[in-house]
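Colleague: I have the model open and some time before my gel finishes. Can you walk me through it?

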Amino acid sequence: MKKPEKPTSGARVLRTKIKKKSGLKESSRRWLERHMNDPYVQRSKADGYRSRAAYKLTEIDDKHKLLKPGMKIIDLGAAPGGWCQVAVARVKSTAEAPRVVGIDYLEMDAVPGAVILTMDFLDDEAPAKLAEALGGPPDFVMSDMAAPTTGHRRTDHLRTMHLCEVAVDFAISVLKPGGHFLTKTFQGGTENELLGQLKRHFRTVQHVKPPASRDESVELYLLAKHFKGRQPGIEDADVEPETDREQDGE
Ligand SMILES: C[S@@+](CC[C@H](N)C(=O)[O-])C[C@H]1O[C@@H](n2cnc3c(N)ncnc32)[C@H](O)[C@@H]1O
């Protein structure tokens, strides 16, 4: 999938501007202006996607070929549903035999072909509910979970990294051997311990930054492919951490 083109010099670009006297806080005014002029946002409306995030998964999948018809998928932090829409289409999930289960504590509109659980993934009951809704082990666990921002960068960072760590433990406990795992993380935020844990359980581990993830954002994704299966006797502390690193979108 091609990245929507950025305006080149000489081209006449119609930008939506929001007046400084709009009554919005300056940071909110700037965010809204950037959002309204974002080519991915404009394209998501035309393509019928719930979010511009849909293109992040599309671009990652176009490159890494993760989603195949017939696969079972778990989507952590699914609202408003862009990743679910992409997954449903690519694994050919149907309302009669759904193969995609999403979870979010925020209410979201139904995605035909997906089962949506409205609950906190950190709830002790969430793993069992997800397994029950999917009716078998997943081939792919993907997490775009992000903690709500508090304005305190370090706190936001730590909260999202905690979600990432819980998602890793969950993926390792439920995935089918050979399955894949994708999670949102932050540049500089992935602890060696977490990378080491993934490396022990997956054949390849790499960082990916799809073109749809804004350059100025510290957001990054971790992609772990080919789950080795649950192996009794391998303790997480036994092996030195090591990882491959790859940046997408260059
Ligand atoms: C960036 S959005 C996901 C966008 C989504 N991938 C899409 O394509 O539309 C992050 C989501 O993670 C959810 N989230 C954060 N913490 C969560 C938790 N503990 N349990 C469930 N969902 C959570 C938020 O409510 C939010 O909807």
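Modeller: One caution on the UniProt annotations before we use them: positions follow the numbering used here, feature names are shortened, and annotations may be inferred rather than shown by experiment. Also, this is a predicted model.

Colleague: Fine. Which residues does UniProt list for "binding site"?

Modeller: The unreviewed UniProt entry gives Gly81, Trp83, Asp104, Asp120 and Asp144 under "binding site".

Colleague: And which one for "active site"?

Modeller: Lys184, again according to an unreviewed UniProt entry.

Colleague: Before I trust any of this, what is the average pLDDT of the chain?

Modeller: The average is 86, and 86% of the residues score at least 70. There are weak stretches, though. Residues 6-11 fall below 50, and that stretch has one contact in the model beyond near neighbours in sequence. Residues 236-250 are also below 50, but there the model has 32 contacts beyond near neighbours in sequence.

Colleague: Noted. How many helices and strands are there?

Modeller: Seven helices and seven strands. Reading from the N terminus, the order is α-α-α-β-α-β-β-α-β-α-β-α-β-β.

Colleague: What share of the contacts is between residues far apart in the chain, say 24 or more positions?

Modeller: Taking contacts with a separation of 6 or more, 65% are between residues 24 or more positions apart.

Colleague: Back to the ligand. How many residues surround it?

Modeller: The shell has 23 residues, and the closest are Ala53, Gly77, Gly82, Phe121 and Asp144. By class it has 15 nonpolar, four polar and four charged residues.

Colleague: Which elements supply at least two residues of that shell?

Modeller: Helix H3 (53-64), helix H4 (82-91) and strand S2 (100-104) each do.

Colleague: Let's take the aspartates from the UniProt list. Where is Asp104, and is it buried or exposed?

Modeller: Asp104 sits in strand S2. It is buried, because 22 other C-beta atoms lie within 10 Å and the cut-off for buried is 20 or more.

Colleague: What does Asp104 touch?

Modeller: Not counting residues up to four places away in sequence, Asp104 touches Gly77, Ala78, Ala79 and Thr118. Asp104 and Leu117 are 13 residues apart in sequence, with their C-alpha atoms 6.6 Å apart.

Colleague: And Asp120, buried or exposed?

Modeller: Asp120 counts as exposed, because it has 12 C-beta neighbours inside 10 Å and exposed means 12 or fewer. It is in the loop between strand S3 (114-118) and helix H5 (126-134). Leaving aside neighbours within four places in sequence, Asp120 is in contact with Tyr105 and Ala126.

Colleague: Where is Asp144, then?

Modeller: In the loop between strand S4 (140-143) and H6. Asp144 is buried, with 23 other C-beta atoms within 10 Å. Beyond four places in sequence, Asp144 touches Ala53, Gly77, Trp83 and Lys184.

Colleague: So which strand holds that lysine, Lys184?

Modeller: Strand S5 (residues 180-186). Lys184 counts as buried, with 24 C-beta neighbours inside 10 Å. Setting aside neighbours within four places in sequence, its contacts are Ser143, Asp144, Met145, Ala146, Cys164, Glu219 and Tyr221.

Colleague: New topic: the interior. How many residues are in the largest nonpolar core?

Modeller: It has 57 residues, and Trp83 and Ala87 have the most contacts inside it. Helix H6 (residues 153-174) gives the most to this core, with seven residues. As background, nonpolar side chains tend to be buried together in soluble globular proteins.

Colleague: What is Ala87 in contact with?

Modeller: Outside its neighbours within four places in sequence, Ala87 is in contact with Leu67, Ile73, Asp75 and Val100.

Colleague: How much of the whole chain counts as buried?

Modeller: 36% of the 250 residues.

Colleague: Last one, Pro177. Buried or exposed?

Modeller: Exposed, with 11 other C-beta atoms within 10 Å. Pro177 lies in the loop between H6 and S5. Leaving out neighbours within four places in sequence, Pro177 is in contact with Phe227, Lys228 and Gly229. Pro177 and Phe202 are 25 residues apart in sequence, and 9.3 Å apart from C-alpha to C-alpha.

Key. Residues numbered from 1 in each chain as written. Predicted model: local features only at pLDDT ≥ 70, side-chain atom pairs only at ≥ 80, totals over all residues. pLDDT = per-residue confidence, 0-100. Contact = placed C-beta atoms within 7 Å. Near = placed C-beta within 6 Å. Helix = DSSP H or I, 4+ residues; strand = E, 2+ residues; numbered from the N terminus. Nonpolar A, V, L, I, M, F, W, Y, C, P; charged D, E, K, R; others polar. Core = buried A, V, L, I, M, F, W, Y, C linked by C-beta atoms within 7 Å.
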